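This briefing introduces one protein structure to a reader who has not met it before. Please keep the sequence and the three-dimensional view at hand while reading.

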Amino acid sequence: ILSLCAGVAILLLDHTIRNAGYVAKSLSLPCLGSFAAKTAKEDDELRRLRAAVTRQVGESGSILFAPVKGKRGAGRIAAGLGRALTMAGSTVLLLEADFTGRSEADSLGAKDAKGLAAALESGMSAQEAAVPTKQKGLFFLASGQTPGSSADLLASQAFADFLREAAASYDYVLCTLPFEDKLPDADCAARAADSVVLVAEYGMTPYRDFEESLTRLRTAGGKVSGFILEGVR
């Protein structure tokens with residue numbers, strides 16, 4: 001009985017996101033996809049995500065992936081979506097604007113990847129700065145290093161112009177950002193993109209933090225098209 005009561009108490013006190021359907025209904029925000037922590041069917045989940053994204057966002061455009069809070073960022077999901085989009089014939093630029101996280105360069109087979117910060121400073125175009133990956137149709141640009149504030153860089157007109165030019169050169173630009181609850185980067189970049197997708201982690205992202213991030217991004221001018229729940233157990 002004590003164990004049962006303790007289990008019930010834990011569930012009642014746990015306010016992290018564990019039900020994508022509840023979040024979608026309560027916030028009127030579409031769930032674009034749910035990803036298990038370990039699954040042999042991830043390719044099928046990515047195809048479902050591709051279908052949801054093209055439905056909610058359109059057949060082209062720039063999309064910011066903003067994780068709310070958790071242990072993992074949005075890089076793996078964005079890279080997987082990029083591969084899925086190229087399999088349907090689209091050209092994709094995976095743009096890393098997370099200056100704190102681990103790069104997906106090695107997993108994508110992207111060599112000599114120039115940095116976003118360096119590209120903005122030198123005035124390079126997206127096609128000049130990006131490098132090909134081992135996946136046909138998928139191109140990559142790492143964040144690199146910036147001597148100043150990354151939030152100021154992403155709030156600049158230079159970044160907005162770069163993103164707009166990149167969206168004209170590729171069918172999709174998938175841009176990954178650091179955790180929204182820790183840094184202002186996502187809020188500063190939000191209005192520059194055609195769409196924003198929030199990323200929550202199962203059992204790690206508090207519902208209140210998710211709601212606050214959604215409000216901040218919308219207030220900053222971001223067009224939030226939906227959310228993704230990853231690490232589902």
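In this predicted model, Asp185 is buried yet takes part in no salt bridge, and the nearest side chain of opposite charge, that of Arg216, is 11 Å away. The points below begin with the surroundings of Asp185, then turn to the eight-stranded open sheet, a buried serine, Ser143, and the salt bridges, of which the structure holds seven.

**Asp185 and its surroundings**

- Asp185 belongs to helix H10, which covers residues 185–189.
- Although Asp185 has no salt bridge, its side chain does make a polar contact of 2.6 Å with the side chain of Ser150.
- Apart from residues up to four places away in sequence, Asp185 touches Ser150, Ala151, Leu154 and Pro178.

**The sheet**

- The eight strands form an open sheet with mixed pairing, in the order E1-E8-E7-E2-E6-E3-E5-E4.
- Strand E1 (31–36) and strand E4 (131–132) are the edge strands, each pairing on one side only.
- Strands of a sheet pair through backbone hydrogen bonds, in either a parallel or an antiparallel sense.
- Strand E3 (residues 92–96) pairs with strand E6 (residues 172–176) in the parallel sense, over five bridges; within this pairing, Leu93 stands opposite Val173 of E6.
- E3 also pairs with E5 in the parallel sense, over four bridges, and here Leu95 has Leu141 of E5 as its bridge partner.
- Between E4 and E5 the pairing is antiparallel, over two bridges, with Phe140 of E5 as the bridge partner of Val131.
- The hairpin of E4 and E5 has five residues between the strands, and in this hairpin Gly137 takes a positive phi near 90 degrees.

**Helices lying across the sheet**

- Helix H2 (residues 20–27) lies across E1 and strand E8 (224–232), and runs at about 160 degrees to E8.
- Helix H4 (residues 75–87) lies across six strands, namely E1, strand E2 (61–67), E3, strand E5 (138–141), E6 and E8. The direction of H4 is at about 170 degrees to E6.

**Ser143, in a loop after E5**

- Ser143 is found in the loop between E5 and helix H8 (150–155).
- Why does Ser143 count as buried? Its relative accessible area is 9%, and the buried class covers values under 20%.
- A polar atom of the Ser143 side chain lies 3.3 Å from the backbone oxygen of Asp98.
- Asp98 is also one of the contacts of Ser143 outside its neighbours within four places in sequence; the others are Glu96, Ala97, Phe99, Gly115, Leu116 and Ala117.

**Salt bridges**

- Side chains of opposite charge can pair when their charged atoms come close.
- Glu42 and Arg76 meet through their side chains in a salt bridge, at 2.6 Å from N to O. Because Glu42 lies in helix H3 (residues 42–56) and Arg76 in helix H4, this pair ties together parts that are 34 residues apart in sequence.
- Arg76 counts as partly exposed, at 31% relative accessibility.
- A salt bridge also joins the side chains of Arg48 and Glu45, at 2.7 Å from N to O. These two residues are three apart in helix H3, so about one helical turn separates them.
- Arg48 counts as exposed, at 53% relative accessibility, whereas Glu45 is partly exposed, with a relative accessible area of 23%.
- Asp209 forms a salt bridge with Lys69, their closest N and O atoms being 3.5 Å apart. This pair links distant parts of the chain, 140 residues apart: Asp209 is in helix H11 (residues 207–219), and Lys69 is in the loop between E2 and H4.
- Asp209 counts as buried, at 19% relative accessibility, while Lys69 is partly exposed, with a relative accessible area of 32%.
- Glu42, Arg76 and Glu230 are joined into one network by salt bridges that share partners.

Terms used. Residues are numbered from 1 along each chain as its sequence is written. This is a predicted model: local features need pLDDT of at least 70, side-chain atom pairs count only at pLDDT 80 or more; totals for chains, interfaces and linings use all residues. Side-chain values use heavy atoms; hydrogens and water are left out. Buried means under 20% relative accessible area, exposed over 50%, partly exposed in between (1.4 Å probe, protein chains only). Lys and Arg count as positive and Asp and Glu as negative; His and the chain ends are not counted. A salt bridge is a side-chain nitrogen of Lys or Arg within 4 Å of a carboxyl oxygen of Asp or Glu. A polar contact is a pair of N or O atoms within 3.5 Å; within protein, one must be able to donate a hydrogen and the other to accept it, and residues adjacent in sequence count only if both atoms are side-chain atoms. Contact means heavy atoms within 4.5 Å. Two strands pair if DSSP finds at least two bridges between them. Axes are lines fitted to C-alpha atoms, for helices over the stretch in contact, and angles run from 0 to 180 degrees between N-to-C directions.
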